[in-house]
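Subject: Structure handover

Hello,

Here is the structure I said I would pass on. My notes on it follow below.

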Amino acid sequence: MGARGAVCLALLLLLLCACTARGKPTARKERVHRETELSARPHEDNQSHRYDHEAFLGKEEARTFEQLSPEESQARLGKIVDRIDSDGDGYITTSELKTWIKRVQKRYVYENVAKVWADYDLNKDDKISWEEYKQATYGYYLANPEEFEDATDQFSFKKMLPRDERRFKAADLNGDLSASREEFTAFLHPEEFEHMKDIVVLETLEDIDKNGDGYVDEDEYIADMFAHEEGGPEPDWVKTEREQFSDFRDLNKDGKMDKEEIRHWILPQDYDHAQAEARHLVYESDRDKDQMLTKEEILENWNMFVGSQATNYGEDLTRNHDEL
């Protein structure tokens, strides 16, 4: 392989890695974005609070936290409560608690952003502009187009650049063409943010819709999962997927999926575990029944919260708040 070919291959691999890091749906098992269940254990109406601890941390972490003294547990929990109270009014609402639980559920997403932030924030102003991202990702291609004479290379870069720009602008809520950490997180991981779900649906449609008619038919749906060999038989699971398409994907039975049917497929509206857990914690700890919690109410019922993802046995106290 010549030098130009090596450069092209390296850049394409980097581009593919960037797409994978952003969580772009590209393979069969990655198309459906489901919220991670907090815990497989059902709620138990007793005083053990085992579900609450495991729902927040997971079984092993909850067991570790149980080794702390009550005093240390309460002290750490009190500091975390201050962070959960996002508006600083002294009250923890169900919404604030749900938001915190969801943020900790997807901690890996924020950690991923933290790892790559410096690579894109070239002028170190704690923002990433579209120009900074474009130069870091596509700069070599834009400056040396003659090295990308191969039609496949050209198509890949020409397709991905406007697609990234469209996604960046969707994540840029204030429209200043610069992304804060939260906006950049939405750009890299759009499936995790409600306002980005239209982009996830659109990109999925574009990936699968090979004939460009704006829909996904059964053959396109199957081709996204299975590379059929000429004359070879289809595996049983492919036959099952064809039945799935007919019975559950094509809701209006017109032989194809539109955007809403794709949304129903890849972004299913399952039970909201974080919402249910937040409501449960508020209900059990709300002494004056005003549907909000004070720090005092939480600390009085500290054994319910101890070991929760909200406390993460002290890790959150040493993290940069922006990373949460």
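Helices here are DSSP runs of H or I with at least four residues, strands are runs of E with at least two, and both are numbered from the N terminus. Counted that way, the protein chain has 17 helices and 6 strands. Please keep in mind that this is a predicted model.

Overall picture

The protein chain has 324 residues, and 44% of them count as buried. Its exposed surface comes to about 17,400 Å², with 50% of that supplied by carbon and sulfur atoms. Among contacts in the protein chain with a separation of 6 or more, 64% are between residues 24 or more positions apart.

Salt bridges

Side chains of opposite charge can pair when their charged atoms come close. How many salt bridges does a search of the whole structure find? The count is 18. I looked at three of them in detail.

The first to look at is Glu203 with Arg167, where the N to O distance is 2.5 Å. Glu203 belongs to helix 10 (residues 197-208) and Arg167 to helix 8 (residues 151-171), so this pair ties together parts that are 36 residues apart in sequence. Are these two residues buried or exposed? Both Glu203 and Arg167 are buried.

Next is Asp219 with Arg242, a salt bridge whose closest N and O atoms are 3.3 Å apart. This pair also links distant parts of the chain: Asp219 sits in helix 11 (residues 218-223) and Arg242 in helix 12 (residues 236-249), 23 residues apart.

The last of the three joins Glu260 and Arg263, at 3.7 Å from N to O. Here both partners are in helix 13 (residues 259-266); they are 3 residues apart, and so are separated by about one helical turn. Glu260 has 52% relative accessibility and therefore counts as exposed, since the cut-off for that class is over 50%. Arg263, at 21%, is partly exposed, because buried would require a value under 20%.

There is also a network of salt bridges, which links Arg163, Arg166, Arg167, Glu203, Glu206 and Asp207. The pair of Glu203 and Arg167 described above has both of its residues in this network.

A polar contact in helix 10

Thr204 is found in helix 10 as well. What does the side chain of Thr204 reach? The partner is the backbone oxygen of Val200, at 2.8 Å. Thr204 has a relative accessibility of 1% and so counts as buried.

Positive phi angles

Two residues are worth a look for their backbone angles. Asp126 has phi near 65°, a positive value in a residue other than glycine. Asp126 is placed in the loop between helix 6 (107-120) and strand 2 (128-129), and with a relative accessible area of 39% it is partly exposed.

Leu177 is not a glycine either, yet its phi is positive, at about 60°. Where is Leu177? It lies in the loop between helix 8 and strand 3 (178-179). The relative accessible area of Leu177 is 39%, so this residue is partly exposed.

That is the end of my notes.

Regards

Technical notes: Residues numbered from 1 in each chain as written. Predicted model: local features only at pLDDT ≥ 70, side-chain atom pairs only at ≥ 80, totals over all residues. Heavy atoms only, no water. Buried < 20%, exposed > 50% of the residue type's maximum accessible area, 1.4 Å probe, protein only. Contact = heavy atoms within 4.5 Å. Areas by Shrake-Rupley, 256 points an atom, 1.4 Å probe, with all protein chains shown as cover. Salt bridge = Lys/Arg side-chain N within 4 Å of Asp/Glu carboxyl O. Polar contact = N/O pair within 3.5 Å; in protein donor to acceptor, adjacent residues only side chain to side chain.
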